[in-house]
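Visitor: Got a minute to go through this one with me? Put it up and I'll ask as we go.

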Amino acid sequence: MKNAVMAMLEENAQRFPDKIALADEFRQMSYREYLTAAVLVARAITPQLCAQAALRAGVPADGVDPQAVRCNPVGVLIDRNVLSVASFMGIAYTGNFYVPLDPELPAVRMSTILQELSPLLLIDARETPGPLPVPVDVPVLDVRTMFPVPGEISEENSGKAEESSAEDLEAFLQEARERRRMIVDTDPLYAVFTSGSTGVPKGVLVSHRSLFDLTDAFEEVFGFEEDTVFGNQAPFDYDGSSKDLYNALHCGGRVEIIPHRMFMLPAVLLEYLAVRSVNTIIWAVSAVRIVADFRALDAVKTSVPLCLRKVMFSGEVMPVKTINYWMQFFPDALYVNLYGPTEITCNCTYYTITRRFEPDEKFPIGRAFPNTRVFLLEKKESDNEEAGAGGVPAQSGNRVCGIIPDSLPDVRGEICVEGTCVALGYWNNPDRTAENFTAKPGASVTLNRIYRTGDLGYYNKEGELCFASREDNQIKHMSHRIELGEIEAALNAIDFIDVACCFYDHDRHKIVCVYQAGEDRRRQIATALVDRLPKYMRPNKYIRMEQMPLNAHVKIDRRLLRTMYEEGKLK
Amino acid sequence: MEENRQELMEILEETRPDIDFENETALIDKEMLDSFDIISIVSEINEAFDISINVNDLLPENFNSVDAILALIAKLQEE
């Protein structure tokens with residue numbers, strides 16, 4: 001019975017122990033080494049987890065049973081390396097869940113996340129561990145002290161892990177297996193943080209079971225072979241990376257972790273893919289685009305042939321011309337448009353491109369994966385404005401009416417998702433969880449839980465689902481999901497500007513910030529944001545106004561600002 | 001050359017106002033720019049200087065600093 005994702009790792013380590021499972025720029029790990037590393041990480045952190053849990057509960061450390069310390073967050077300071085992945089699996093073996101944290105996050109955002117999360121401890125998996133971006137009050141353990149890192153078993157072994165004997169390892173593995181059997185598949189496996197409209201990021205909590213669901217669905221629809229080599233582009237703090245890590249575990253393939261800087265250097269990137277024999281890519285749209293935008297496939301001659309079998313993408317709308325370009329060079333590859341937010345475990349719909357599209361067409365998001373139900377909820381104006389429970393005002397005048405049939409083309413509705421893929425909710429945030437993870441309308445008895453994406457979609461004449469737009473202030477910029485509200489919260493915390501608001505210029509791919517201040521503060525604002533927002537969230541254009549236009553409700557007139565911008569009246 | 005520098009600085013600062021381009025010498029190595037910054041910077045440089053930066057010119061050593069980018073522009077203008 002598959003109760004936890006590590007069962008797949010154990011199976012592969014038995015079937016082909018010496019097959020390479022993971023590789024980064026500097027080193028690689030076989031399945032046996034991967035499993036051993038995970039088991040040793042679990043072993044190394046268990047006493048610390050118990051000590052921390054005891055401290056919080058106010059009991060003596062020896063009074064805590066390791067088995068009872070479960071379903072707690074454990075952070076990982078990630079890098080583009082195999083050490084990060086081994087840390088994830090090690091944490092999972094303890095029955096707790098991992099939370100990948102980008103050490104490059106601005107200090108304020110990192111503090112906010114750590115405060116929200118309150119992890120029992122952090123594992124440092126960075127290539128060069130150094131000072132942390134913010135002070136933390138929990139133990140930070142260097143992953144290199146936990147297991148012998150491949151290729152780094154050096155003479156001067158100070159502080160490094162020692163090699164255990166074969167008997168010891170067998171015993172440790174046995175112990176880990178026992179702990180793994182205590183997990184049920186609805187336990188959380190990981191949490192990843194995503195932008196929150198109020199300025200506080202939300203941690204989406206995903207269970208083991210949702211990952212099994214993902215890998216089963218991908219296997220059934222796309223069929224990955226044992227010789228699949230996934231070229232991992234998605235950072236580990238994005239759930240897109242789960243598709244590489246867990247599909248590889250499921251099919252017994254290999255993950256090549258591609259250094260981030262290569263996505264700025266398409267010629268270097270293509271050479272790396274070729275040399276590392278990558279044959280499958282599941283990338284953000286922006287990464288697929290850079291290769292096409294520089295026409296890199298014409299100009300670059302790789303030293304060995306690049307053979308791509310599957311090209312899959314998600315994150316934002318893919319321009320048709322980009323895929324038409326790729327198809328000239330890899331006509332036999334499978335091209336798939338994937339859709340879905342983190343809250344439904346990566347993707348809930350797929351569209352396999354089987355014909356040539358014209359540049360003015362757009363790719364549908366297609367149909368639901370097996371064991372997933374995706375439907376459109378019609379929204380209708382309602383005059384029934386009642387207050388929610390506890391005096392919380394009702395969200396808006398919109399009210400759910402019913403499900404739009406796929407035989408009815410061009411009617412817009414909110415994309416909703418039902419099934420095992422639906423996440424457990426937002427960590428430590430019952431209000432937002434209740435808002436977005438709701439009972440299925442009309443389901444009076446079974447109370448099936450659904451996730452409401454906030455994305456608007458419609459069916460085309462073929463009954464295929466298409467993405468239309470967002471109904472709120474969430475945008476996709478460089479394939480990152482961003483709440484404009486979070487940028488505005490950071491801007492409005494800066495004392496030398498009166499007020500600011502943001503919108504997105506979809507044609508020029510720019511986040512535009514309009515601010516009110518007595519003088520030009522562009523550079524100071526940009527500098528102030530460095531500590532508060534990740535670089536992909538920082539505005540690309542700043543416009544100063546003496547006085548912001550206000551609407552009848554005495555709020556900033558966003559619609560007017562936008563119109564002025566589009567008409568070129570804002571400079 | 002001084003004119004080129006001024007024009008380049010305008011392009012860079014417009015794209016990424018949060019980076020101190022004058023003093024930075026590891027724009028690519030420290031991953032300060034993203035792929036989309038590169039796309040928009042290159043297309044604007046191509047237009048402004050009437051050159052054509054090829055994908056094979058997209059190497060860290062050509063984009064790590066303002067001086068390196070200026071040298072690349074000068075080289076391509078000569079060709």
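Visitor: In what order do the elements of chain B run from the N terminus on?
Guide: They run α-α-α-α. Helices are DSSP runs of H or I, at least four residues, and strands are E runs of at least two, numbered from the N terminus. This is a predicted model: local features need pLDDT of at least 70, side-chain atom pairs count only at pLDDT 80 or more, and totals for chains, interfaces and linings use all residues. Residues are numbered from 1 along each chain as its sequence is written, and chains are lettered from A and ligands numbered from 1 in the order in which they are written.

Visitor: What does the C-alpha trace of chain B span along its principal axes?
Guide: About 30 × 25 × 20 Å.

Visitor: And how much of chain B is buried?
Guide: Buried residues are 32% of its 79 residues. Buried means 20 or more other C-beta atoms within 10 Å of the residue's own, with C-beta atoms placed from the backbone.

Visitor: Switching to the contact between chains. How many residues does each chain give?
Guide: Chain A gives 28 residues and chain B 17. Contact means C-beta atoms, placed from the backbone, within 7 Å.

Visitor: Which helix gives the most on the side of chain A that touches chain B?
Guide: α14(A), with five residues.

Visitor: How does that side divide by class?
Guide: Into 17 nonpolar, five polar and six charged residues. Ala, Val, Leu, Ile, Met, Phe, Trp, Tyr, Cys and Pro count as nonpolar, Asp, Glu, Lys and Arg as charged, and the others, Gly among them, as polar.

Visitor: Which residues of α1(A) meet α2(A)?
Guide: A:M6, A:L9, A:E10, A:N12 and A:A13. In α2(A) they meet A:Y31, A:R32, A:Y34, A:L35 and A:A38.

Note on methods:
Two residues are in contact if their C-beta atoms, placed from the backbone, lie within 7 Å. A residue is buried if 20 or more other C-beta atoms lie within 10 Å of its own, exposed if 12 or fewer, and partly exposed in between; C-beta atoms are placed from the backbone.
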